[in-house]
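Reader: Hello! I'd be glad of a close look at one part of this protein, with its surroundings explained as you go.

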Amino acid sequence: MKVLLLKDPKDKDSGPDPYIKELGLYGFEATLIPVLSFEFLSLENLFEKLSHPECYEGLVFTSPRALEAIKICLKENNKNEAWLKSLKQRWNSKPAYVVGKATASLVEEIGLSPQGEKSGNAEKLAEYICSREKRDSSALLFPCGALKREVLPTVLGEKGIALESLTVYQTTQHADLQESLSSYFSQQGIPASIVFFSPSGVKFCLQHIQKLSGDLINNIKFAAIGPTTAEAMEAAGIPVSCTAETPTPQDLAAGIQKALHLQNC
């Protein structure tokens, strides 16, 4: 059975995408279609803030893109030398909170030690941070996207924990999205399952999928990588057949297997 994954490949240099690999173990034929493009912003401002770890209690990351912004920023004008020489060590004395494994691995790549990676979503990460941070301390630095949800700032604010947000990227529709979807449906037909990985993916893809699927859209089992995406799908009128228990290839594959198995009973 075919599964369509509406996401970017993990990394062109790190072998097969883990979602395709895991779904393959269940006998699914998975295909990736990139949905989003990202424009990085305020990188000079980001480095200025990273240059002053003494001003912050720690870092918060809820997106791999925020780490990409840091990597891009460090590549410019020998900034990586300053990072390796002293800044990395100074930040390592403070927590780097992350929402999931993908973000955690990127934090490790820049030489920091992630905390909270089992949280899986912003709500649980907020609880985790609140259990470890003191009221009225210095702010946590939060590099984020223009479409960030307000859950984290709201929950932390209610507990008296300061969070300084800095928008370092904005999300747009991938230039080839419509063409890629049309090509997939004409060549592969209607997939057994379609997986959304973000609310932005729902926004950019749904209309095209409805048009390409026609009346057969009711045969598709729609899956979400997490509760935030599931909420966006439900708000758009998409029935959610499964939501991964945690945002990992293993839990997503198990959820799809269960949803499709029940359909076939």
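Reader: Which residues does the UniProt annotation "domain: Tetrapyrrole biosynthesis uroporphyrinogen III synthase" cover? Please take me through that part, with its cores and its aromatic residues.

Author: Happy to! Please keep in mind that this is a predicted model. According to the UniProt record, an unreviewed entry, the annotation "domain: Tetrapyrrole biosynthesis uroporphyrinogen III synthase" covers residues 19-253. Over residues 19-253 the chain is 46% helix and 20% strand. The C-alpha atoms at the two ends of this stretch are 8 Å apart.

Let's begin with the nonpolar cores. In soluble globular proteins, nonpolar side chains tend to be buried together. Here the largest nonpolar core has 27 residues, and Leu46, Leu59, Phe61, Ile70 and Trp91 touch the most other members. At least two residues of this core come from each of helix 2 (43-50), strand 4 (58-61), helix 3 (64-75), helix 4 (79-91), strand 5 (96-98), helix 5 (101-109) and strand 8 (163-173). Helix 3 gives the largest share, six residues. For a view from inside, pick Trp91: leaving aside neighbours within four places in sequence, Trp91 is in contact with Lys49, Leu50, Pro53, Tyr56, Gly58, Leu59, Trp83, Leu112 and Leu141. There is also a second, separate core of 23 residues, and Leu6, Leu36, Tyr184 and Ala230 are among them.

Ala230 takes us to helix 10 (residues 227-235), whose buried residues are Thr228, Thr229, Ala230 and Met233. Among the elements that cover these buried residues are strand 9, helix 9, strand 10 (221-224) and strand 11 (240-243). Just after helix 10, Gly237 takes a positive phi of about 90°.

Now for the aromatic residues. A pair of aromatic rings is described by the distance of the centres and the angle of the planes. The whole structure holds seven aromatic pairs. In one of them, Tyr19 and Phe197 meet edge-to-face, with 5.2 Å centre to centre and 90° between the planes. This pair links distant parts of the chain, 178 residues apart: Tyr19 belongs to helix 1 (residues 18-25), while Phe197 lies in the loop between strand 9 (193-196) and helix 9 (199-213). Both Tyr19 and Phe197 are buried. Tyr184 and Phe185 have ring centres 5.8 Å apart and planes at 75°, so they too make an edge-to-face pair. Tyr184 counts as buried because its relative accessibility is 4%, and Phe185 counts as buried because its value is 8%. Elsewhere, Phe38, Phe40 and Tyr169 form one aromatic cluster.

Two rings also have a charge over them. The charged end of Lys7 sits over the ring of Phe197, 5.7 Å from its centre. Over the ring of Tyr128 sits the charged end of Arg132, 3.7 Å from the ring centre.

Finally, back to Tyr19 and a residue just before the annotated stretch. Asp17 lies in the loop between strand 1 (2-6) and helix 1. A polar atom of the Asp17 side chain lies 2.9 Å from the backbone nitrogen of Tyr19. Asp17 counts as buried because its relative accessibility is 8%. Not counting residues up to four places away in sequence, Asp17 touches Lys7, Asp8, Pro9, Lys10 and Leu32. Lys7 thus appears twice in this picture: Lys7 touches Asp17, and the charged end of Lys7 sits over the ring of Phe197, the aromatic partner of Tyr19.

Terms used
Residues are numbered from 1 along each chain as its sequence is written. This is a predicted model: local features need pLDDT of at least 70, side-chain atom pairs count only at pLDDT 80 or more; totals for chains, interfaces and linings use all residues. Side-chain values use heavy atoms; hydrogens and water are left out. A nonpolar core is a set of buried Ala, Val, Leu, Ile, Met, Phe, Trp, Tyr and Cys residues joined through side-chain atoms within 4.5 Å. Buried means under 20% relative accessible area, exposed over 50%, partly exposed in between (1.4 Å probe, protein chains only). Helices (H or I, at least four residues) and strands (E, at least two) are DSSP runs, numbered from the N terminus. Contact means heavy atoms within 4.5 Å. UniProt positions are given in the numbering used here, feature names are shortened, and annotations may be inferred rather than shown by experiment. Rings of Phe, Tyr and Trp (its six-membered ring) pair if their centres lie within 6.5 Å; planes under 30 degrees apart count as stacked, over 60 as edge-to-face and the rest as tilted. A charge sits over a ring if NZ of Lys or CZ of Arg is within 6 Å of the ring centre and within 35 degrees of the ring normal. A polar contact is a pair of N or O atoms within 3.5 Å; within protein, one must be able to donate a hydrogen and the other to accept it, and residues adjacent in sequence count only if both atoms are side-chain atoms.
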